[in-house]
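Here is a short tour of the model, meant to be read with the structure open beside it. We begin with one strand and its surroundings, and then step back to the whole chain.

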Amino acid sequence: MSTVIPDRVDVIIIGGGIVGCSIAYHLTKLGITDVLLLERRQLTCGTTWHAAGLIGQLRANRQMTELAKYTSELLYELERETGQATGFKQNGSISLALNPERMEELKRGASMAKNFGLDVQVIGPSDIKKLWPLLNCDDVVGGVFLPGDGQANPTDITQAYAKGARSRGAKIRENMKVEKILVENGRAVGVQTAEGVIRANTVVLAAGMWSRELAAPIGVSIPLHAAEHFYIVTESISGLPGNLPVLRVPDECAYYKEDAGKILLGAFEPVAKPWGMKGIREDFFFDTLPDDFDHFQPILEDGARRVPILENTGIKTFFNGPESFTPDDRYLLGETAEVPDLFVACGFNSIGIQSSGGAGKALAQWIHDRRPPVDLADVDVRRMHPFQSTKAYLHDRTVETLGLLYAMHWPFRQVETARHVRRSPFHERLLAKGAVMGEVAGWERPNWYAPAGVEPKYQYSWGRQNWFEHTGAECRAARDAVVLFDQTSFAKFMVQGRDACKILNRISVAQMDVAPGKLVYTQWLNEQGGIEADLTITRLREDAFMVVTAGATQIRDFSWLTRHIPADAHCIATDVTSGMPMLGLMGPMSRQLLEAVSGESLSNEAFPFATSREIEIGYARVRASRITYVGELGWELYIPAEFSAYVFDKLMEAGAPFGLQLAGYHAMNSCRMEKAYRHWGHDIAIEDTPLEAGLGFCVAWDKPAGFIGQAVLQSQRERGTLNKRLVQFKLEDPQQLLYHEEPIWLGDKIVGSVTSGMYGHRLEASLGMGYVNNPDGVTREWLEQCKFEIEVAWKRVPAVASLTPFYDPKSLRVKS
């Protein structure tokens, strides 16, 4: 290993696990060779050395799958390039279903895999038995086989990454602990070590379970926590086939792999054991944790039934070691919101080996270009909130997150631990009315309301769940009368100063230089024309604006905003989310109800669509904005926190004559799907332009100073026909439900995938949205000629396509 340490480099990487070494390897492949990797002890000594080494490819979306696929492809090349063996063998993997519900999940995943170009097979018990002869298949319903999956040696892969990086000039120093990350003028500039200061243009934190403690002193939130992870390795088994696929039995929380003539049996049990609550001792490396046979015994008992030969086979190794988990089981990648030039890659939730190549390549490209190379919102560290890195929250959530990897991935499944963190002022009132809460970014939000006599609790399934009819009643009330949504979780930013309009006009595609009281729907784009944010902006005064965006993107969007305010600008952005609860009053009777409580005329002439002003509700002054996300006449009410409960009570007291009902986010999602309102992170993201997404009506082409990303949009506009467009779909079979990433078929070709889906209760139809691709252009005429099918759980369902919303396409109800 390199021993001479420079006092300045281009990039410092903290952490010598498999991901840190992969980042060094990929940076040097991009020509960034002035790289220094610092490891506190020895390479792989934290978590990498004891990982099971499973190499799976199928992840929750296309981008994550592509990164995992890249790792598999890279391992062969890595061995050829460096001469260092990786132990990779592509023996495939099988996932078993022991009940029909799990089989439905596996088939939906198989359809998704097909959509991503993976080789995938849905197989029955007899085929499973042929692939895994030692298996007891008596209660097996079926399974899915992915021939491209495999297994490898994590330590060997790490050494190969390190060797490749060093061959192109990177320096790797072991036994050098980073004591502190240095920050000057708000930016990361280097590190402090026992041997002195090393400065850098970029600092990468890839220190695994030590990352949180290194980031906290500089005000950076890295929400991850270690948990104990168990597996056993048997004695040698005579005649054990060496080509057994990796086997996953999620209904028994277990995975199996052949390991040099032995069987490794590991688990992701439903109640995990967090570890390291009091810190990690200084000399912890290549260490194991104490045995806990009682904890692992249920897994072992199931294992002996599943693979009967285990019953008479000795255990050579009982292993327990720590691995890092995040609150949502997705890893943390990218530049931090709090400190520019500080990048992170950690919290890999037991998929660090299979993710190492893709994550390393993506982050290296991100560092090189100073932007994400693809849509990485699922793992972008900016999705996390500061409260999520508190010790108590992480401890409590980690009990659940390890087991969720193999738990049923039900649609609309809600986490059960570390709840009741962020509550609106209406929380207790809503619970008293039967609210069943979901959680987003820590916010407790009513997803649906249980009528009297109905237990306010989810009963999950892949079909119509127990809340289906109750949500339908809420949607019909929005259509026929008036409903009230608690939208407090929406993020709100004040942007003030004499340069506020100029800055927002540069960031936004729409015209921001509008009259005070005007509300504008707009997008924020990157230089490639992709959508970074989707939000509304209200001009309050000549020098003051209010930005409203989704609660889940609060940190990300505020970071994007503040980083686009020049240092010498007279403009201040303030996050006022916590001080401004918000209610959504929606439906054809909303005007009459609001007039009754305010005493004001709210006619179209007095209060046009997309305008905002203060009104009185009893003793309170409230900002009312005429806008909707459900496709009905309505207003969003922004209330100072101390008046919010009072305003809620006034609305509820006055609402009965108008048929007022409370409504939840499932109803909102159903209604917005009928109206084809886009959702950032699903239907629109950083690789989609407004024109492709059908949002060209937002774009102000003639702004004198232009806007970020305009050149790309202008080029698309001049070309005319678009080869990719977001399309609405209605299934011919209303019993089939769409969720995400279902393949869209045209004849024998997959031409797109579903971005989001929901049943539309006002239309009584199963709906979805998805991008359709056609090299000759996606036009209305072409769509009308096509017969599309959408694959749901390995079966194709005919679907009708439309470029316009299926519900109120001319928005007559919204503007009534």
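Strand 17, covering residues 315-325, is largely enclosed by the rest of the structure, because eight of its eleven residues are buried. Please keep in mind that this is a predicted model. The neighbour to look for is strand 12 (residues 225-234), which pairs with strand 17 in the antiparallel sense over ten bridges. To find the register on screen, pick F230: its bridge partner in strand 17 is N320.

**Pairing around strand 38**

Further along the chain, strand 38 (residues 795-802) pairs with strand 33 (residues 724-731). The two run antiparallel and share four bridges. Here L731 faces A799 of strand 38.

Strand 38 also pairs with strand 37 (residues 788-792), again in the antiparallel sense, this time over five bridges. In this pair, I790 stands opposite V797 of strand 38. Strands 37 and 38 form a hairpin with two residues between the strands. Which residue of this hairpin takes a positive phi? That is A793, with a value near 55°.

The antiparallel pairs can be set side by side:

| Strand pair | Bridges | Opposite residues |
|---|---|---|
| Strand 12 and strand 17 | ten | F230 and N320 |
| Strand 33 and strand 38 | four | L731 and A799 |
| Strand 37 and strand 38 | five | I790 and V797 |

**Three helix residues**

Now for some helices. H427 lies in helix 10, which spans residues 427-432. Is H427 buried or exposed? Its relative accessibility is 4%, so H427 counts as buried, the cut-off being under 20%. Leaving out residues up to four places away in sequence, H427 touches H420, M437 and E444.

S559 sits in helix 13 (residues 554-563). This serine has a relative accessible area of 5% and is therefore buried as well. With residues up to four places away in sequence again left out, S559 touches A337 and R382.

A596, in helix 14 (residues 590-598), offers another case. Its relative accessible area is 51%, so A596 is exposed; the cut-off for that class is over 50%. How far apart in space are A596 and F286? From C-alpha to C-alpha the distance is 70 Å, and the two are 310 residues apart in sequence.

**The whole protein**

Stepping back, the secondary structure comes to 18 helices and 38 strands. Along the principal axes, the C-alpha atoms fill a box of roughly 85 × 65 × 55 Å. Why can the overall fold be called consistent with a compact globule? A compact globule of 816 residues would have a radius of gyration near 28 Å, and the protein has 27 Å, so the two agree.

Burial and contacts add to this picture. Of the 816 residues, 61% count as buried. Among contacts with a separation of 6 or more, 72% are between residues 24 or more positions apart.

As for the surface, the protein exposes about 30300 Å², and carbon and sulfur atoms supply 50% of that area. Its charged side chains number 86 positive and 99 negative, and the centres of the two sets lie 3 Å apart.

Conventions: Residues numbered from 1 in each chain as written. Predicted model: local features only at pLDDT ≥ 70, side-chain atom pairs only at ≥ 80, totals over all residues. Heavy atoms only, no water. Rg over C-alpha atoms; globule rule 2.2 N^0.38 Å. Buried < 20%, exposed > 50% of the residue type's maximum accessible area, 1.4 Å probe, protein only. Contact = heavy atoms within 4.5 Å. Areas by Shrake-Rupley, 256 points an atom, 1.4 Å probe, with all protein chains shown as cover. Lys, Arg positive; Asp, Glu negative; His and termini not counted. Charge placed at Lys NZ, Arg CZ, Asp CG, Glu CD. Pairing = 2+ DSSP bridges.
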